[in-house]
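Hi everyone, thanks for having me. Let me put the sequence and the structure up so that we can walk through them together.

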Amino acid sequence: MTGERVSPVLRTEQRTEGSVAIVTVHGEVDMNSAPQLQSALDEALRGEPAAVVLDMTGVGFLGSAGLSVLLAVSQAGTTALRVVTSPAVRRPIEVTALDKLLELFPTVEAALAPDGSPAN
């Protein structure tokens, strides 16, 4: 499964690797683009994957609306959400202490590793 959505500030792509859905995000996640992120994650979850890897290494800004999406998705179901962060994404997650709730990884490869050890 692959899909791509484009907006002026946010672009998402989806693919699967085995039983894991990978959602790649490029751009900025703010109050205007957060619904697009939510939609991409909802679409990935429809396939009932074992885990969703959210690759945010291409994200230069993560606002409070984006943090809300991450929190809601992580608490909504039984599918593990593994977030691959850029410095611009990791900082607001740490400042809000969401790093205690989310599984953070330095690379997609680390997020896909069988042991799935977060890099917190």
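Let me start with a question: which residue takes a positive phi just after α1? That's E48, and its phi is about 50°. One thing to keep in mind as we go: what you see on the screen is a predicted model.

Okay, back up to α1 itself. This helix runs over residues 34-46, so to speak, with 13 residues in it. From the first C-alpha to the last, α1 reaches 18 Å, close to the 18 Å expected at 1.5 Å a residue.

Now, which residues of α1 are buried? We've got A34, Q36, L37, A40, L41 and A44. They cover an arc of only 160° around the axis, and that puts them on the same side of α1. If you're new to this, here's the background: an α-helix has 3.6 residues a turn, so residues three or four places apart point the same way.

Let's step back to the loop between β3 and α1, where you'll find S33. Is S33 buried or exposed? Its relative accessibility is 2%, and buried means under 20%, so S33 counts as buried. Leaving aside its neighbours within four places in sequence, S33 is in contact with V9, L10 and E28.

On to α2, residues 64-76. With 13 residues at 1.5 Å each, α2 should span 18 Å, and its end C-alpha atoms are indeed 18 Å apart, so the two agree. Buried in α2 are G66, L67, V69, L70 and V73. Their arc around the axis is only 155°, so they sit on the same side of α2. Turn to the other side of α2 and you meet exposed residues: S64, Q75 and A76.

What covers those buried residues of α2? The cover includes two helices, α1 and α3, along with the strands β3, β4 and β5.

Last bit: how do α1 and α2 sit against each other? They pack at an angle of about 20°, and their axes are 9 Å apart. Angles under 35 degrees count as roughly parallel, so that's what we call α1 and α2. The crossing, where α1 passes α2, is right-handed.

And who meets whom there? From α1 come A34, L37, Q38, L41 and L45, and they meet A65, G66, V69 and V73 in α2. Some names should ring a bell: L37, for one, is also among the buried residues of α1, and V69 is among those of α2.

That's my tour, so over to you for questions.

Conventions: Residues are numbered from 1 along each chain as its sequence is written. This is a predicted model: local features need pLDDT of at least 70, side-chain atom pairs count only at pLDDT 80 or more; totals for chains, interfaces and linings use all residues. Side-chain values use heavy atoms; hydrogens and water are left out. Helices (H or I, at least four residues) and strands (E, at least two) are DSSP runs, numbered from the N terminus. The expected span of a helix is 1.5 Å times one less than its number of residues. Buried means under 20% relative accessible area, exposed over 50%, partly exposed in between (1.4 Å probe, protein chains only). The arc is that of the directions from the helix axis to the C-beta atoms. Axes are lines fitted to C-alpha atoms, for helices over the stretch in contact, and angles run from 0 to 180 degrees between N-to-C directions. Angles under 35 degrees count as roughly parallel, over 145 as roughly antiparallel, 65 to 115 as roughly perpendicular and the rest as oblique. A crossing is left-handed if the near helix is turned anticlockwise from the far one by less than a right angle, and right-handed if clockwise. Contact means heavy atoms within 4.5 Å.
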